[in-house]
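Hi everyone, thanks for making time this morning. I'd like to walk you through one structure, and please keep it open on your screens while I talk.

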Amino acid sequence: MTSAANSAADPATTVPAPLPPPLLSRALLLRLVSVVAVTVSFFLLLSAVPTHAGRGAAGLATGALMLSTVLGELAGPRILGRYGHRGPLAAGLFLLGAPALALPLDDGAAWTASMCLVRGLGFGLTMVAGGALTAALIPAERRGEGLALVGVVGGVPALVTLPLGVWMCEHLGYAPLTVTAGLAALAAIPTVAALRELQPPDGSGAPAVGADTRALGMVAAVRTAGLRRPTSVFFATALAAGILVTFLPLAVAHGSAGIATAALLVQSSASTAARYAAGRYGDRRGATRLVAPGLLASAAGLSVLAATAGPVAVLTGTALFGAGFGVVQNATLTVMYGRVSRSSYGTVSALWNLAYDGGMGIGAAGFSLLTAHTGYAWGFALTALLMLTALGPATRDRRSAP
């Protein structure tokens with residue numbers, strides 16, 4: 001007995017802790033190809049198409065794109081339940097890329113809007129199917145870091161291609177731009193087909209013993225507190241993000257366009273860095289505890305922006321908001337995937353992306369009406385106060401988390 005106890009306590013005989021599973025599997029690397037392809041195809045044309053369409057058709061083009069994106073996200077879980085992840089992802093890439101090749105055939109508003117409608121459906125499908133497939137290819141023990149890595153891989157090309165699309169349209173022409181965007185999406189389709197031969201890492205997304213493995217529908221997901229609460233927190237931050245990217249250039253002091261551009265770059269950079277840091281921390285300590293601090297940082301950043309007269313306030317506020325937004329992005333998505341079985345990953349992906357797109361759209365539209373009566377400074381301050389209402393579900397979710 002004594003000898004056995006001493007042997008167990010001897011550091012030389014202590015069994016080392018198992019190493020975490022590798023993150024970058026061949027399957028995930030192939031998936032990152034389609035992540036970049038979707039980002040490049042979507043963001044190259046996001047601003048360039050409305051600019052080319054002109055003032056009269058610009059709103060129609062963007063409105064059609066975002067409306068069909070939401071419809072694609074709503075239909076996504078049902079489509080994934082019937083056809084799996086890979087088929088809808090490949091179909092989404094085709095619907096995103098093929099209409100881009102057809103855009104130069106007619107400059108009319110109706111044609112442009114119809115092509116944008118189809119592209120939006122494709123983009124919505126890639127978000128839902130791609131998100132679910134990504135989560136299935138990441139080991140559960142490193143889900144936060146893996147999702148953050150995918151966010152960085154998709155976020156960096158977005159920073160480059162959004163202004164690049166406008167530049168290409170002005171200097172190279174509309175047709176070369178749309179062909180480039182179309183081919184970017186279509187070229188990634190073979191990588192999706194190759195994923196059929198690959199198996200997800202062991203243990204990723206495995207439900208708890210006795211858990212219900214049936215896929216959740218959208219209505220059931222909204223009724224589930226463990227999914228509804230983080231979604232509402234992310235919606236609040238996405239609402240503020242839509243306001244920031246839309247109105248910050250208009251809110252800064254006249255003649256400070258350079259400050260606005262720098263601030264938006266700071267915001268995006270801070271968000272990307274914080275998203276990755278949150279993923280690594282969340283895997284070790286738990287992502288649930290990061291949701292409320294991320295929300296508070298975002299609200300604090302927007303409060304600082306209420307003093308938009310000074311460039312220091314603008315840069316500080318956007319950096320603080322970006323950091324908080326990145327934390328909430330990663331933490332909420334990680335938490336939501338961890339609370340469902342793999343069969344419901346598509347529903348989680350759809351719900352989270354709907355909160356993102358819906359929040360940004362509603363935020364931009366509502367802020368426009370608000371600032372007509374309050375001005376930008378008070379608008380930012382009131383939005384920050386509105387965000388704090390999401391502290392309730394964030395706090396309740398942390399207390400009730402297992």
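Let's start with a pair of helices: α14 passes α15 in a right-handed crossing. The two pack at an angle of about 155°, and their axes are 10 Å apart. With that angle, α14 is roughly antiparallel to α15. If you want to find the contact on your screen, α14 contributes F325, Q329, T332, L333, M336 and Y337, while α15 contributes Y345, V348, S349, L351, W352 and Y356. What classes of residue make up the contact of α14 with α15? There are nine nonpolar and three polar residues, and no charged ones.

Before I go on, a word on what you're looking at: this is a predicted model. The protein has 17 helices and zero strands. Of its 402 residues, 47% are buried. Among contacts with a separation of 6 or more, 84% are between residues 24 or more positions apart.

Now back to α15, as there is another partner to show you. Helix α11, residues 225-251, packs against α15 at an angle of about 40°, with the axes 7 Å apart. That angle makes α11 oblique to α15. The crossing of α11 and α15 is right-handed. By class, the contact of α11 with α15 has 18 nonpolar residues, seven polar ones and no charged ones.

While we're on α11, please click on T237, which lies in that helix. Is T237 buried or exposed? T237 has 0% relative accessibility, so this residue counts as buried. Setting aside residues up to four places away in sequence, T237 touches L295, S298, F321, F325, V328 and M387. You may remember F325 from earlier, as one of the α14 residues in the contact with α15.

Next, the charged pairs. How many salt bridges does the count come to? The answer is three, and I'll take you through each of them.

R142 and E145 meet through their side chains in a salt bridge, with 3.1 Å from N to O. R142 counts as buried, at 18% relative accessibility. The cut-off here is under 20% relative accessible area, so 18% falls on the buried side. E145 is buried too, at 5% relative accessibility.

E145 also forms a salt bridge with R280, where the closest N and O atoms are 3.0 Å apart. Where do these two sit? E145 is in helix α7, residues 143-171, and R280 is in helix α12, residues 257-285, so this pair ties together parts that are 135 residues apart in sequence. R280 is partly exposed, with a relative accessible area of 33%. Put those together and you have R142, E145 and R280 linked in a network of salt bridges.

The remaining salt bridge is between R339 and D397, with the closest N and O atoms 2.8 Å apart. R339 lies in the loop between α14 (311-338) and α15 (345-374), and D397 lies in helix α17 (residues 391-400), so the pair ties together parts 58 residues apart in sequence. So we're back at the helices I opened with: this loop runs between α14 and α15. Which partner is buried, and which is partly exposed? R339 is partly exposed, at a relative accessible area of 29%, whereas D397 is buried, at 5%.

Let me stay with D397 for a moment, over in helix α17. What does D397 contact, once its neighbours within four places in sequence are left aside? The list is A225, G226, R229, P230, T288, V335 and R339. R339 is the salt-bridge partner we just met, and A225 falls within α11, which covers residues 225-251. There is also a C-alpha distance to point out here: D397 and L227 are 170 residues apart along the chain, and their C-alpha atoms are separated by 9.3 Å.

To recap, α15 packs with α14 at about 155° and with α11 at about 40°. The salt-bridge network takes in R142, E145 and R280, and R339 pairs with D397. Thanks for listening, and I'm happy to go back to any of these spots on the screen.

Note on methods: Residues numbered from 1 in each chain as written. Predicted model: local features only at pLDDT ≥ 70, side-chain atom pairs only at ≥ 80, totals over all residues. Heavy atoms only, no water. Salt bridge = Lys/Arg side-chain N within 4 Å of Asp/Glu carboxyl O. Buried < 20%, exposed > 50% of the residue type's maximum accessible area, 1.4 Å probe, protein only. Helix = DSSP H or I, 4+ residues; strand = E, 2+ residues; numbered from the N terminus. Axes fitted to C-alpha atoms, helices over the stretch in contact; angles between N-to-C directions. Parallel < 35°, antiparallel > 145°, perpendicular 65-115°, else oblique. Left-handed = near helix turned anticlockwise from the far one by under 90°. Contact = heavy atoms within 4.5 Å. Nonpolar A, V, L, I, M, F, W, Y, C, P; charged D, E, K, R; others polar.
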